[in-house]
2 protein chains.
Amino acid sequence: MSQSDVAEYNARRAAFINDDRALRPDYANAAGRSAVEIAADRVIREIRAFEASSIWDGEHQNIQHPFPGMEFLTGGDVIIQTRLFKILTKMPKGALLHAHLEASVNAQVLLRLALQQPAIHVRAAKPINAFTVASTLPEFKALPKDDFSDGAGLTEPSYVANDWVSIRKARGTFDQALGGPLGFDKWVTGALTINPNEAYRTHNTVPKIWKKFQETFATSTPLVFFAPIWADYIREFLITSIDDGISYIEARVGFLFKYMYGPDGQENVPHREWLIAFDKVVNDIKDDLKKQGREDEFVGARIIYCTVRFISPEELEWYTEDCLTLKQEFPHIIAGFDLVGSEDDLRPLVDYIGSLLRFQARQKELGLDIPFMFHAGETLGDGTKADDNLYDALLLGTKRIGHGFSLMKHPKLVQICREKGILIEVCPISNEILRLTSSMPMHPLPSLINHGIPVALCSDDSAVFGNMGLSFDFFQVLVASEVTGLIQLGEMARDSIRYSTLDEEAKGRTMGLWERRWDRFVEEIGTGM
Amino acid sequence: MSQSDVAEYNARRAAFINDDRALRPDYANAAGRSAVEIAADRVIREIRAFEASSIWDGEHQNIQHPFPGMEFLTGGDVIIQTRLFKILTKMPKGALLHAHLEASVNAQVLLRLALQQPAIHVRAAKPINAFTVASTLPEFKALPKDDFSDGAGLTEPSYVANDWVSIRKARGTFDQALGGPLGFDKWVTGALTINPNEAYRTHNTVPKIWKKFQETFATSTPLVFFAPIWADYIREFLITSIDDGISYIEARVGFLFKYMYGPDGQENVPHREWLIAFDKVVNDIKDDLKKQGREDEFVGARIIYCTVRFISPEELEWYTEDCLTLKQEFPHIIAGFDLVGSEDDLRPLVDYIGSLLRFQARQKELGLDIPFMFHAGETLGDGTKADDNLYDALLLGTKRIGHGFSLMKHPKLVQICREKGILIEVCPISNEILRLTSSMPMHPLPSLINHGIPVALCSDDSAVFGNMGLSFDFFQVLVASEVTGLIQLGEMARDSIRYSTLDEEAKGRTMGLWERRWDRFVEEIGTGM
C-alpha cells in the first residue's frame with residue numbers, strides 16, 4: 001500500500017475513535033478546555049505512566065500481584081506512596097452523593113468517641129481469649145446508670161457470657177496476652193472493618209462478604225446512634241470530607257430505628273432530633289470555616305431518608321409518612337428517599353410498589369418533592385430480583401441510581417439514563433471489596449462513561465472499607481483506564497454537583513465555587529505541584 | 001394505592017422488561033417457539049434452580065466457595081456431577097468458531113500420541129529432582145535417528161543439562177521418588193495445562209497467567225507440529241468435538257513456523273502438506289461417520305490461517321502471500337485470516353495496516369475472499385492498544401471478532417456489530433482462566449446478548465483449560481444468568497452456523513441438520529431425558 005492509503009486509513013481511524021467516544025463528557029466538551037487544564041491532564045498522564053512502570057512494577061512486601069487498580073485493601077499502602085494520590089487529595093471533588101452516614105467515620109475515631117462515653121457498654125457471647133477472639137463480636141449498648149452489674153472484664157475467666165461491661169473497663173482489663181487495651185482496640189476495629197483476608201480469601205464471594213459487611217453495621221449502630229456520639233460523628237464525617245475537597249454532601253441516613261439512645265441510656269430520641277443535631281453540626285462547621293476564611297470550601301449537607309428492604313410493605317408506610325413529616329419541618333435537610341440493604345437477599349422494590357406509589361401521591365397532596373434515589377442493580381445477577389430493581393427504580397422515576405452495577409446489561413435502561421439524565425452513583429472501592437468486581441480494570445465504569453451516562457464517584461461506606469473521602473475512589477478510577485484522565489475526573493466532579501438536589505441558585509453558586517478551585521488546582525499541577 | 005394502580009404498574013413493568021430485552025434472540029424470536037422447546041426451556045430452568053440450591057449450596061472438598069458459574073478449574077468437579085451438565089453434553093452445539101487447533105486435544109492424549117513416536121525426545125535445563133521438578137519445563141523435539149547421545153535419564157544425577165533423551169526412556173527412567181513413569185506424565189501434563197493454583201493464586205493476574213499460558217504452547221508445539229502426530233492430533237480433536245455435539249469447525253491454525261518436523265526428524269514439511277493432512281482427516285472422519293450412519297453429525301472443518309503478532313509488518317507479507325497461495329490450492333479449507341498472541345503485550349493491528357490493506361488488495365486482484373477473523377479486545381484495558389484493536393478490526397472489515405471482551409465499552413462498536421451482524425466469538429472459560437473475569441457472573445456476555453450482538457460460544461484452548469468440547473462453556477453461561485435459558489443457548493448455536501464461512505447452500509443444509517437434532521434434543525428433555 002502507498003503511504004497515502006495508510007495515511008487515509010489513520011485519518012479514518014482517528015475520526016472513528018472520536019466518534020465512539022463522542023458521548024464522554026471529556027470528549028464532548030473538548031472545545032471548552034483551557035490550555036492550563038489540558039497541560040495538567042498531560043502532566044497527570046505522565047505521572048500515571050511513570051508510576052505504573054516504577055512504583056506499581058516494583059516489589060512490595062505482602063503484595064503478590066501489585067498493579068494499578070488492584071484490590072484496595074491490599075493496594076492501599078502502595079497507593080498512598082504515589083505522587084498521583086497526593087495530588088488527588090488536593091482535587092476539589094464536588095459533591096459526595098452516595099455515602100451511608102453511619103458508616104463514614106474511621107473506626108479508630110468512632111472507638112475514641114465511644115470511649116469518651118461512660119454510658120457505653122460492651123458484651124460478648126463468650127469470654128474472650130485466644131481461641132474466641134477472632135470469632136466473637138463485641139456488642140455495644142448505651143445503658144442507663146446502674147442498669148448493669150459491672151462484673152468481670154471480657155477476657156477474665158470469670159466473665160459471664162453476655163454480661164455488660166463498661167467500655168473503658170473492658171478495654172482497661174483486656175488480657176495482656178491479647179494485646180491489652182490495644183488488643184481491645186484491634187478487636188473492636190476488626191469488627192467495624194473488612195480486612196484483606198476476609199475480602200479476598202475467606203469471604204471471597206458477594207454473599208459471604210455481605211455477611212461480614214452487615215456485621216460491621218451491627219457492631220457500629222449502637223455507637224453511632226447514641227445521641228452524645230451522633231453529633232460528634234457527623235462532625236468528624238463532614239470535616240474529613242471537607243478536608244478531602246468535598247464541598248457538598250447528600251448523606252444517606254438509616255431511619256430504621258424509630259429512636260436512638262439518649263445520654264440517659266434510654267431509647268427515646270426521635271428522628272426530628274437526629275435532624276436538628278445534623279443541622280446544627282452543618283451550621284457550626286460552616287461558621288467555623290467562615291472564621292478560618294474557608295467558607296468557599298463547603299456549601300452544606302443534606303440527608304437522603306433511608307430504611308431497610310427487610311421491612312414489610314405495610315411497615316414502609318410508617319416510614320414514608322415519617323419522611324413526609326420530617327420534610328415538612330426540615331425541607332432544607334431531607335433531599336430524597338431510598339431503601340437500602342443487600343439487593344440479592346432482601347425484598348425487591350417491586351414488593352413495595354403500592355406503598356411507593358402512595359408515597360408519591362401523598363407528596364403531591366402535600367406539595368412536597370422527595371425524589372427517589374434508589375439503590376438498584378448492586379449485583380452480579382442477570383435477571384435476578386436485584387438486577388430487576390433497575391426497572392422499578394426507573395419506572396418509579398428515580399432521580400439517581402445508587403450503584404447501578406448491572407446497568408450496562410440493559411440497552412433500554414442505558415438509553416433512558418442518558419436521555420433523561422439519571423446519574424449513576426458509582427462506588428468503585430465498595431463494589432470491589434464487596435466482590436462485584438475483582439479489581440478496578442474489571443469494573444463497568446468505563447462503559448457507563450463511554451455511553452454518555454452521567455456518573456459521580458462515591459465512597460459508600462468508608463468506615464468499613466477505609467476509603468475515607470473520595471481521593472481513593474478517584475485514584476482507582478484514574479489508574480484503571482488509559483482514556484480517563486484528569487479532565488474526565490473533573491467532569492465527574494461537575495456532574496456530582498449538577499445532579500445533586502441543590503436548587504438552581506445554590507447549584508450555580510456551588511458550581512462557581514468549584515470551578516474556581518478547579519482552576520487553581522489545574523494551575524498548580526501545571527506549575528509542578 | 002388501589003389494586004388497579006398496582007396492576008397498571010405491573011403491566012407497564014412487564015412491557016418495559018420486554019422492551020429492554022427485545023434485541024435478544026430468545027425474546028426477538030419468541031413467536032416462533034414450539035411448545036416442546038418452551039417446555040424444555042422450563043425443565044432446564046427447574047433443574048438449574050434445584051441444583052443451585054442443592055449441589056452448589058452443599059459442601060465440596062477443597063472448594064471454599066462453590067457457586068454456579070464459579071472458577072472452572074476448581075468448579076469443574078462439581079459441574080460434572082450435575083444433571084444440567086449431563087444434558088448439555090447431548091445438546092447439538094452447532095459450529096465451533098474459535099478454537100486454536102494446536103491447543104485442542106487433552107494433554108494426556110497428546111502425551112500418549114508422543115509416546116508412540118520414537119523420534120520424539122525431551123530435555124530439561126537441569127536434572128529433574130524434587131527441587132527442580134516444579135520449576136523446570138520439559139522441552140520436546142523430533143530428532144533424526146542417531147542425531148543425539150542417548151545418555152542418562154532426566155532424573156539421573158549424571159544427566160547433563162539440555163541433553164536430549166528419547167521420550168520413552170525419559171519416562172521409563174523417571175525417578176520413582178518423583179512418581180516414576182506416572183510422575184513423568186504428571187510433570188509433562190502439568191506443563192501443558194494450567195492448574196487452579198496457578199490461575200487463582202500464584203499467577204492470578206492477566207499478565208502472569210499469560211506467561212504460563214504461553215509456556216504450555218512452547219511445550220506442546222514441537223509435539224503437535226510433528227507430522228506423524230499432526231494427523232492423529234487433528235483426528236482426536238475432531239472426534240472429541242463431534243462427540244460433544246459440534247457439527248462444524250473453523251479451527252485457527254498457527255502457521256508461524258514455515259515447516260513442521262517430518263517423520264525423519266527434519267524440519268521440512270511445508271504448509272500445503274499440513275492442509276493435505278487436515279483435509280484427509282476430515283474426509284476420513286466423514287467416511288467413518290457415514291459408515292456408522294452418523295453422517296448428519298458432522299459437515300466438515302476448515303482452517304483460519306493465523307500467525308503471531310510479534311512478527312514485523314514486513315514479515316507479515318510473507319504470511320499473507322502464503323495464505324493466498326494456500327487459498328488458491330485449498331479454497332475449501334482456508335476460511336479466514338487472523339493474527340494471534342497476547343494483545344496486551346504484542347503488536348497492535350494498527351502496526352500492520354499497510355500489509356493488511358495490501359493483503360486485501362491482493363485478494364481482489366486474485367479474485368479470492370479470505371475474511372479477517374481478528375482477535376480484538378481480549379483485554380481488561382480501557383483505551384490501551386489491545387482495546388483499540390477493536391477499532392482496527394472493524395475498520396478492516398473483520399467478519400467476526402475473537403473475544404471482543406472489551407467491546408461493551410464502545411457504544412459505536414456495539415452499534416456496528418449489531419447492525420452489520422459481526423459475531424463475537426465469546427470464550428467464557430478461557431476468559432475466566434486467563435483472569436479477564438473472576439467468574440462467569442462477572443463476564444460481559446449478558447450485555448452482549450441483551451444488546452443484540454450475535455454471539456457464539458467457543459472453547460479457545462481446551463487442551464490448556466480442560467474445557468473439552470463446548471458443553472462446559474455452555475454450562476457456565478447457562479448457570480450464570482437467570483435470563484438465559486435453553487432457548488437462548490439454541491440461538492447461540494444457530495448463530496454459530498449463521499456466522500460461519502460456509503456458503504449459503506452448505507449453511508442451509510447444516511442449519512437444517514442442526515434443527516432436526518435440536519428438535520429431538522428438546523423433545524427428549526421434555527420427556528424426561
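The expected span of a helix is taken here as 1.5 Å times one less than its number of residues, and I begin with that because the helix I want to discuss before anything else can be held against it. This is a predicted model, as I should say at the outset.

The helix in question is H3 of chain A, residues 35-53, which has 19 residues and reaches 28 Å from its first C-alpha to its last, close to the 27 Å expected at 1.5 Å a residue. Which residues of H3(A) are buried? They are A:Glu37, A:Ala40, A:Asp41, A:Ile44, A:Ile47, A:Arg48 and A:Glu51. Seen down the axis of H3(A), these buried residues fall within an arc of 125°, so they line one face of the helix. An α-helix has 3.6 residues a turn, so residues three or four places apart point the same way. On the face of H3(A) turned away from that buried side we find the exposed residues A:Ala35, A:Phe50 and A:Ser53. As for what covers the buried residues of H3(A), the cover includes four helices of chain A, namely H5 (83-89), H20 (471-479), H21 (486-498) and H22 (504-526).

Let me turn to the strands of chain A. Strand E8, residues 300-308, and strand E9 pair in the parallel sense over 6 bridges, and within that pairing A:Cys306 has A:Asp338 in E9(A) as its bridge partner. Between them comes helix H13, residues 313-329, and E8(A), H13(A) and E9(A) together make a right-handed β-α-β unit. Strand E9 itself, residues 334-340, is mostly covered, with 7 of its 7 residues buried.

Chain A also has an open sheet of 4 strands in the order E10-E11-E12-E13, with parallel pairing. Its edge strands are E10 (375-376) and E13 (455-457), each of which pairs on one side only. E13(A) is joined to strand E12, residues 423-426, by 3 bridges, and the two run parallel; in this pair A:Val426 stands opposite A:Leu457.

In chain B, 4 strands form an open sheet in the order E10-E11-E12-E13, again with parallel pairing. Strands E10 (375-376) and E13 (455-457) of chain B stand at the edges, each with a single partner strand, so one side of each is left without a neighbour in the sheet. For E10(B) the partner is strand E11, residues 400-403, and the two pair in the parallel sense over 2 bridges, with B:His375 standing opposite B:Gly402 in E11(B).

How, then, are the two chains arranged? Chain A can be laid on chain B with an RMSD of 0.0 Å by a turn of 180° and a shift of 0.0 Å along the axis. The two copies are thus related as by a two-fold rotation axis. Which residue of chain A comes closest to the rotation axis? It is A:Ser438, with its C-alpha at 3.2 Å. Of the interface residues of chain A, 100% are also interface residues in chain B, so the copies meet through the same surface.

I will finish with one residue that has contacts in both chains, A:Asp388, which is found in helix H15 (residues 385-395) of chain A. Leaving aside residues up to four places away in sequence, A:Asp388 touches A:Gly383, B:Arg13 and B:Arg21. Is A:Asp388 buried or exposed? Its relative accessible area is 13%, and since buried means under 20%, A:Asp388 is buried. Finally, A:Asp388 and A:Glu343 are 45 residues apart in sequence and 9.9 Å apart in space, C-alpha to C-alpha.

Notes: Residues numbered from 1 in each chain as written. Chains lettered and ligands numbered in written order. Predicted model: local features only at pLDDT ≥ 70, side-chain atom pairs only at ≥ 80, totals over all residues. Heavy atoms only, no water. Buried < 20%, exposed > 50% of the residue type's maximum accessible area, 1.4 Å probe, protein only. Contact = heavy atoms within 4.5 Å. Pairing = 2+ DSSP bridges. Right-handed = clockwise from strand over helix to strand, strands pointing away. Least-squares fit on C-alpha atoms with pLDDT ≥ 70 in both. Arc of directions from axis to C-beta.
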